[in-house]
Amino acid sequence: MDLKLYMFSECPYCQKVLREIEASGRTDVELHNIHENEDDREELIRVGGKQQVPCLFIDGKPMYESGDIVMWLQGHPQE
């Protein structure tokens with residue numbers, strides 16, 4: 001499964017998702033900071049249709065809202 005999290009450090013909702021990733025010990029989520037990499041920001045807008053973060057791409061399909069992302073991560077532990 002391909003997991004990419006589009007985020008930026010100052011975002012409290014992104015921090016909520018990052019805390020879940022860290023607490024669970026996941027190593028399968030690729031992080032993309034849209035404030036540090038213009039290509040990542042453009043990719044988020046191109047594929048997801050908007051600049052909203054956090055956005056977790058699950059096999060190329062975007063999922064928004066930190067609560068939904070945390071629930072998905074908890075329900076799909078890393079194998």
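In the predicted model described here, Lys4 has Phe57 of strand S3 as its bridge partner, while in strand S2 the bridge partner of Lys4 is Glu30. The pairing with S3 belongs to a set of four bridges that join S1 to S3, and these two strands run antiparallel. The pairing with S2, by contrast, is in the parallel sense and extends over five bridges, among them the one in which Leu3 has Val29 of S2 as its partner. Strand S1, which comprises residues 3–7, is mostly covered, with four of its five residues buried.

Strand S3, formed by residues 55–58, is covered on both faces, in that Cys55 and Phe57 on one side and Leu56 and Ile58 on the other are all buried. Beyond its bridges to S1, S3 is joined by four bridges to strand S4, residues 61–64, and this pair likewise runs antiparallel. Within the pairing of S3 and S4, Ile58 stands opposite Lys61. The two strands form a hairpin with two residues between them, where Asp59 takes a positive phi near 50°.

Strands S1 and S2 are linked through helix H1, and the three elements make a right-handed β-α-β unit. Helix H1 spans residues 12–24, and its 13 residues should cover 18 Å at 1.5 Å a residue; the C-alpha atoms at its ends are 19 Å apart, in agreement with that expectation. Its buried residues are Cys14, Val17, Leu18, Glu20 and Ile21. Because these residues cover an arc of only 155° around the axis, they are placed on the same side of H1. The other side of the helix carries the exposed residues Pro12, Arg19, Glu22 and Ala23. The cover over the buried residues of H1 includes strand S1, strand S2 (29–33) and helix H3 (66–75). Just after H1, Gly25 adopts a positive phi of about 75°.

Helix H3 shows a corresponding arrangement of buried positions, which are Ser66, Ile69, Val70, Trp72 and Leu73. Viewed down the axis of H3, these residues fall within an arc of 165°, so they line one face of the helix. Among the elements that cover them are S1, H1, S2, S3 and S4.

Two residues with polar side chains merit separate description. Arg26 is located in the loop between H1 and S2. With a relative accessible area of 10%, Arg26 is buried, because the cut-off for that class is under 20%. A polar atom of the Arg26 side chain lies 3.1 Å from the backbone oxygen of Leu73, a residue listed among the buried positions of H3. When neighbours within four places in sequence are left aside, Arg26 is in contact with Leu3, Ile21, Leu73, His76, Pro77 and Gln78. Of these contacts, Ile21 is one of the buried residues of H1, and Leu3 is the residue whose bridge partner in S2 is Val29.

His32, the second of these residues, has its place in strand S2. At a relative accessibility of 10%, His32 also counts as buried. The side chain of His32 is joined to that of Glu30 by a polar contact of 2.7 Å, and Glu30 is itself the bridge partner of Lys4 in S2. Not counting residues up to four places away in sequence, His32 touches Lys4, Leu5, Tyr6, Met7 and Asp40.

Technical notes
Residues numbered from 1 in each chain as written. Predicted model: local features only at pLDDT ≥ 70, side-chain atom pairs only at ≥ 80, totals over all residues. Heavy atoms only, no water. Expected span 1.5 Å × (residues − 1). Buried < 20%, exposed > 50% of the residue type's maximum accessible area, 1.4 Å probe, protein only. Arc of directions from axis to C-beta. Contact = heavy atoms within 4.5 Å. Pairing = 2+ DSSP bridges. Right-handed = clockwise from strand over helix to strand, strands pointing away. Polar contact = N/O pair within 3.5 Å; in protein donor to acceptor, adjacent residues only side chain to side chain.
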